[in-house]
Amino acid sequence: MTILVTGATGKIGRHVIQQLIQRGAKPRALVRDPAAADLPDGVDVVQGDMLDVDALRRGFEGVSTLFLLNAVAADEFTQALITLNVAREAGVKRLVYLSVIHSDRYVNVPHFAGKFGVERMIEQMGFNATILRPAYFMDNDLTIKDVVLGYGVYPMPIGGKGLAMIDARDIGEIAAIELLSRDRAADGSALTRINLVGPDTLTGTDVAGIWSNALGRAIAYGGDDTAGFEQNLRQFMPAWMAYDMRQMAEGFLTEGMVPEQGDVERLTRLLGRPLRSYRDFAAETAAAV
């Protein structure tokens with residue numbers, strides 16, 4: 001049977017596609033521009049997006065399981081609802097959804113609240129589903145490596161509660177494992193939620209210390225200025241998105257992204273190996289400079 005992957009050209013989607021292929025699956029990808037998608041051989045590509053109902057109907061032909069991933073967008077919630085409705089219409093009962101950790105606690109963050117709404121819809125519609133709830137992607141910090149290297153400051157306002165940052169490659173592998181498990185599962189299998197976390201829960205000061213060790217020189221934590229963070233983001237993203245990210249950062253300061261007991265052990269068993277650490281990420285990034 002066929003697994004349809006949305007968000008296939010993003011950093012997580014590409015890892016999911018690659019992991020499915022390595023495990024002998026033949027995924028299908030919904031992409032806006034097949035010519036620019038640059039996906040591996042063997043991927044069945046359908047042109048369209050999650051607001052294109054006709055493309056979704058073509059994409060779901062013969063599909064048994066859905067991987068639903070939405071990028072942060074002003075109409076993210078609408079995209080997800082349309083996709084889920086068309087999936088049900090096509091007879092798809094199994095899915096894996098990439099949500100976010102603490103989606104039920106960061107209640108004023110638009111893209112968190114939207115993902116929690118999608119989780120509720122998945123439950124109400126009766127899908128045989130796994131909901132993956134990742135913490136902060138450590139790969140996001142590739143966007144600020146020039147600040148770290150050039151100015152000696154780690155600028156992300158992640159606060160002192162701690163974030164259990166996770167590597168995108170681990171997310172992709174776990175998602176592929178869960179997709180294949182769901183694809184083989186019996187009808188009526190229970191919905192499950194899995195927190196996706198890294199092995200360490202790190203504060204801003206902790207992360208600055210890791211970069212100091214990786215680079216062999218002092219790196220300072222830039223502090224908890226979420227207003228300044230919003231203004232910096234507005235230089236390269238829409239104002240509404242920068243504000244959304246600021247609300248998320250304020251959640252970092254008040255809530256953190258802290259695993260529940262047993263989360264790390266569960267993921268380690270699922271992967272059959274240790275989770276990748278932020279220390280490894282910083283070392284790899286420093287070595288590539």
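The exercises below, each with a worked solution, concern a predicted model.

**Exercise 1. The sheet**

Determine in which order the strands of the open sheet are arranged, and which strands form its edges.

*Solution.* Begin with the order: seven strands form the open sheet, arranged as 3-2-1-4-5-6-8, with parallel pairing. Next, consider the edges, which are strand 3 (44-47) and strand 8, since each of these pairs on one side only. From one strand to the next, the twist averages 20°. Finally, examine one pair in detail: strand 5 and strand 6 run parallel and are joined by five bridges. Arg-94 stands opposite Asn-128 of strand 6.

**Exercise 2. Helices on the sheet**

State which strands helix 4 touches and which strands helix 5 lies across.

*Solution.* Take helix 4 first: this helix packs on the sheet and touches strand 4 and strand 5. The direction of helix 4 makes about 170° with that of strand 4. Helix 5, in turn, lies across strand 4, strand 5, strand 6 and strand 8. Relative to strand 5, helix 5 runs at about 165°.

**Exercise 3. Helix 5**

Compare the span of helix 5 with the expected value, and identify what covers its buried residues.

*Solution.* Helix 5 comprises 16 residues (110-125). From first C-alpha to last it reaches 23 Å, close to the expected 22 Å. Its buried residues include His-111, Phe-112, Lys-115, Glu-119 and Met-125. Among the elements covering the buried residues are strand 4 (63-68), helix 4 (76-89), strand 5 (94-98) and helix 10 (239-254). After helix 5 comes Gly-126, with a positive phi near 80°.

**Exercise 4. Helix 11**

Explain why the buried residues of helix 11 are on the same side of the helix.

*Solution.* First, list the buried residues of helix 11 (residues 263-271): Asp-263, Leu-267 and Leu-271. These residues cover an arc of only 60° around the axis, and therefore they are on the same side of helix 11. A general rule is useful here: an α-helix has 3.6 residues a turn, so residues three or four places apart point the same way. The cover over the buried residues of helix 11 includes helix 7 (168-184) and strand 8. Just after helix 11, Gly-272 has a positive phi of about 75°.

**Exercise 5. Val-86**

Decide whether Val-86 is buried or exposed, and name its contacts beyond four places in sequence.

*Solution.* Val-86 belongs to helix 4. Its relative accessible area is 6%. Buried means under 20%, so Val-86 is buried. Leaving aside neighbours within four places in sequence, Val-86 is in contact with Val-53, Leu-56, Arg-57 and Phe-60.

Notes:
Residues are numbered from 1 along each chain as its sequence is written. This is a predicted model: local features need pLDDT of at least 70, side-chain atom pairs count only at pLDDT 80 or more; totals for chains, interfaces and linings use all residues. Side-chain values use heavy atoms; hydrogens and water are left out. Helices (H or I, at least four residues) and strands (E, at least two) are DSSP runs, numbered from the N terminus. The expected span of a helix is 1.5 Å times one less than its number of residues. Buried means under 20% relative accessible area, exposed over 50%, partly exposed in between (1.4 Å probe, protein chains only). Contact means heavy atoms within 4.5 Å. Two strands pair if DSSP finds at least two bridges between them. Axes are lines fitted to C-alpha atoms, for helices over the stretch in contact, and angles run from 0 to 180 degrees between N-to-C directions. The arc is that of the directions from the helix axis to the C-beta atoms.
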